[in-house]
Amino acid sequence: MEDKTGEAVSPGALAMRVGWCAELVSGMAARLLAEHWNGADVALLAGGVDASGRRLPSKAWMALRRLGWTTSAPAEVTVNDRIVRMAQEQAGRLLRGAQWRAELTAAVVTTWPTDARRRTTEEWERVRAPLPGGRHLPSSVVKARTRQIAKFVRANGRLPMDVFELEDVPRAARMLLLSACDRQQARIERSESTPQRAVLRLQLPTRPDPCSYADWTWVTCPITLPPTVPASAVLHLPTLRLVGGRLQADMAYTHAVPATRPTGHTIALGVDWGLNTLLSAGSIRLHHDGRITALGAGAQFRAAGVLAKQHRLRRLSEHLQAKADHYQRLIAGDAQHELTGKHAVLRGEVRHLSERRSNLNDALAWAAARWAVDQAIAACASVIYLEDLRSLEARGMGRTLNTRLSQQVRGRIAGHIQHLAAEIGIAVVTVPARNTSKHCPHCLTVLRHRKAPDKPTITGWKWAVCPNPPCGWQGDRDQGAWRRIAARGLAHQAKTTTERASGTMVIRSVTDALEAQAVITPPPAKTLRSDRSKTGPTQHRSSRPAPRRRRAPSPARPPGPAGQRPEGPAPTDRHRLPRAAHRHQDGTTISTPTRRHQPRGAALGAGFHLHAHASPPRWETIPAEYA
Ligand SMILES: [Zn+2]
């Protein structure tokens, strides 16, 4: 709504006016970026100290002002100072972000390996050493950068000087970072009657080239807040962006969360990254006498269907990419070529596919993280022990796992778990994963791995059996691993350190003395009883079975003069009833279902929830006093 006249502004007109404003800001930001896209300026800004030795302000636009890096609107256009601030904020953020890439590129270039496709262990050490936090950097980041530089080497025959030669000036996105403004440009207020609504008032130009302050007017726009914003949260000025012609506001808000603590935990959730199951998790309890017991049988988050879909999309995308590249070679710069139109369509399709893949990864990451944190909440755990991601590569499973799910998605899941857990005061601690699948969670004996529980003599991978006769534990590989991770975390909790830069909690090393305490006391043996649950009356079995039905169906039309082949009688017995649902997810079920993944009616296209399966927590085994 227009404030002065009270006229309503249509969403389209509002988006257009925001677009004009964003155009002005991104133009100014682009000029700033072009001026300062060099190693010296980026390092100066990231160094955080100005020429006279004073600390630079943390807000990017204020830091740029201190350094005297200013910009202005084109001569005929009038903008207020807050618009310039937004441009400086945007350029400042991009330039600060470039410092990390510059350091990474410098590290990779100075330690360029003999074989760019495969680094030796020493070469990995050398490239990690100069990087801040490099020891814990996922290697996929280094590999991606190496590929980028290798491409440059192929094109130019030499290594690049720095990231500024390797990459073009970053593009200033068309958006309004209102957080750099004050009340003279934009205000946000929460509606008093309905807490899920907020009102944003801001000044917008009435034309693409406002030539005086009269061309800027105040506009009021209502914003509906997502239900994830708590009613007590303090709202900050959002970032406005145009997505497909519609206006979107990225809301930032602050609310108090309980503090997490590194030690003093008694109930912990252990989370293991699996191959067949994306996540396996379960909770354990540390008793006063130092005993550790498992609470419940643990649960799994399976995403085989989503991963299959992801794989299919990747194959399709690679196919289209190859086709588009081929068209490009055929067109060879000829704008009149008859394949130009087809090529553009293919390029659009590839872009669309890559968006779908990233949306799917995003949905999967949030769903998995939400699931893990919900398990922790249900178990009243105050800490989540996560397996260190880098260990997956050390286990030599990097390649196999990466074809199913990139390390990046796992990293994102870990990040989301941290975010969601912080909201309710649950600590997230990374634990070294050495030997977690190798040793028995009950007695630390080296496990024997078998193909399946009913094949105890065939060496395999999925099923773990403890060869120690008095213990005799057996279970799915990943189900053993979460027990070990959680027990190791609780036993080593005094060794938890907080990384200063990122604020994440880590247990860095495992000591033998503490490790000896990280065993789970098995529950007292129960009398075994066969499962008598059923879903219907017992089927009558005839002593004279019906004759066997022919397997092949009759042909639709007689192929010759011989006439139609008889089909035989249809089976008269009923289909077997499904077994009670929980019996498919027993503690002794292996992780891979024996039947193929069957996405009900969602073979292609929509239906994320039909592709991801999670076992519900079975908390009835937790004694009432803990719950
Ligand atoms: Zn054992």
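Here are some questions and answers about this predicted model.

Me: Which residues coordinate the zinc ion?
Reply: Let's start with the distances: the donor atoms sit at 2.2 to 2.3 Å from the zinc ion. Each donor atom is an SG. The residues that carry them are Cys440, Cys443, Cys466 and Cys471.

Me: How are the donor residues of the zinc ion spaced in sequence, and what is the site's geometry?
Reply: Along the chain, the donor residues follow the spacing C-x2-C-x22-C-x4-C. For the geometry, look at the angles among the 4 donor atoms, which run from 100 to 115°. Four donors count as tetrahedral if all angles lie between 85 and 135 degrees. So the site of the zinc ion is tetrahedral.

Me: Is Cys440 buried or exposed, and what about Cys443?
Reply: The cut-off to keep in mind is that buried means under 20% relative accessible area, and exposed means over 50%. Cys440 has a relative accessible area of 0%, so Cys440 is buried. Cys443 comes out at 25%, which means that Cys443 counts as partly exposed.

Me: How do β2 and β3 fit together, and which residue is the bridge partner of Ile188?
Reply: Strand β2 covers residues 186-190 and strand β3 covers residues 197-205. They run antiparallel, with 5 bridges joining them, and they form a hairpin with 6 residues between them. Within that pairing, the partner of Ile188 in β3 is Leu200.

Me: Which strands are at the edges of the open sheet with β5 in it?
Reply: This sheet has 3 strands in the order β1-β5-β6, with antiparallel pairing. An edge strand pairs on one side only. That description fits β1 (175-177) and β6 (246-254).

Me: How many bridges hold β5 and β6 in their pairing, and which residue stands opposite Leu240?
Reply: Strand β5 spans residues 234-243 and pairs with β6 in the antiparallel sense. The count for that pair is 8 bridges. Opposite Leu240, in β6, you'll find Ala249.

Me: Which helix lies across β1, β5 and β6, and at what angle to β1?
Reply: The helix to look for covers residues 11-36, and that's α1. Helix α1 lies across β1, β5 and β6. Its direction relative to β1 is about 75°.

Me: Which residues touch the most other members of the largest nonpolar core, and which element gives the most to this core?
Reply: The largest nonpolar core has 54 residues, and Leu176, Leu178 and Leu200 touch the most other members. The element that gives the most to this core, with 10 residues, is α1.

Me: What is Leu178 in contact with, leaving aside its neighbours within four places in sequence?
Reply: Set those close sequence neighbours aside, and Leu178 still has a list of contacts. Two of the names have come up already: Leu200 is the partner of Ile188, and Leu240 stands opposite Ala249. The full list is Met86, Ala186, Leu200, Leu202, Leu237, Pro238 and Leu240.

Me: Is Gln99 buried or exposed, and what does Gln99 touch?
Reply: Gln99 is in helix α4, residues 81-110. Its relative accessible area is 17%, so Gln99 is buried. Not counting residues up to four places away in sequence, Gln99 touches Val42, Ala43 and Ala46.

Me: Where is Leu389, and how far apart in space are Leu389 and Thr430?
Reply: Leu389 is in the loop between β10 (383-387) and α10 (390-394). At 17% relative accessibility, Leu389 counts as buried. Leu389 and Thr430 are 41 residues apart in sequence. In space, C-alpha to C-alpha, they are 8.5 Å apart.

Notes
Residues are numbered from 1 along each chain as its sequence is written. This is a predicted model: local features need pLDDT of at least 70, side-chain atom pairs count only at pLDDT 80 or more; totals for chains, interfaces and linings use all residues. Side-chain values use heavy atoms; hydrogens and water are left out. Donors are N, O and S atoms within 2.8 Å of the metal (3.2 Å for Na, K and Ca); water is not among the atoms, so sites may look incomplete. Four donors count as tetrahedral if all angles lie between 85 and 135 degrees; four count as square planar and six as octahedral if opposite donors are over 155 degrees apart and all others between 65 and 115; anything else is irregular. Buried means under 20% relative accessible area, exposed over 50%, partly exposed in between (1.4 Å probe, protein chains only). Two strands pair if DSSP finds at least two bridges between them. Helices (H or I, at least four residues) and strands (E, at least two) are DSSP runs, numbered from the N terminus. Contact means heavy atoms within 4.5 Å. Axes are lines fitted to C-alpha atoms, for helices over the stretch in contact, and angles run from 0 to 180 degrees between N-to-C directions. A nonpolar core is a set of buried Ala, Val, Leu, Ile, Met, Phe, Trp, Tyr and Cys residues joined through side-chain atoms within 4.5 Å.
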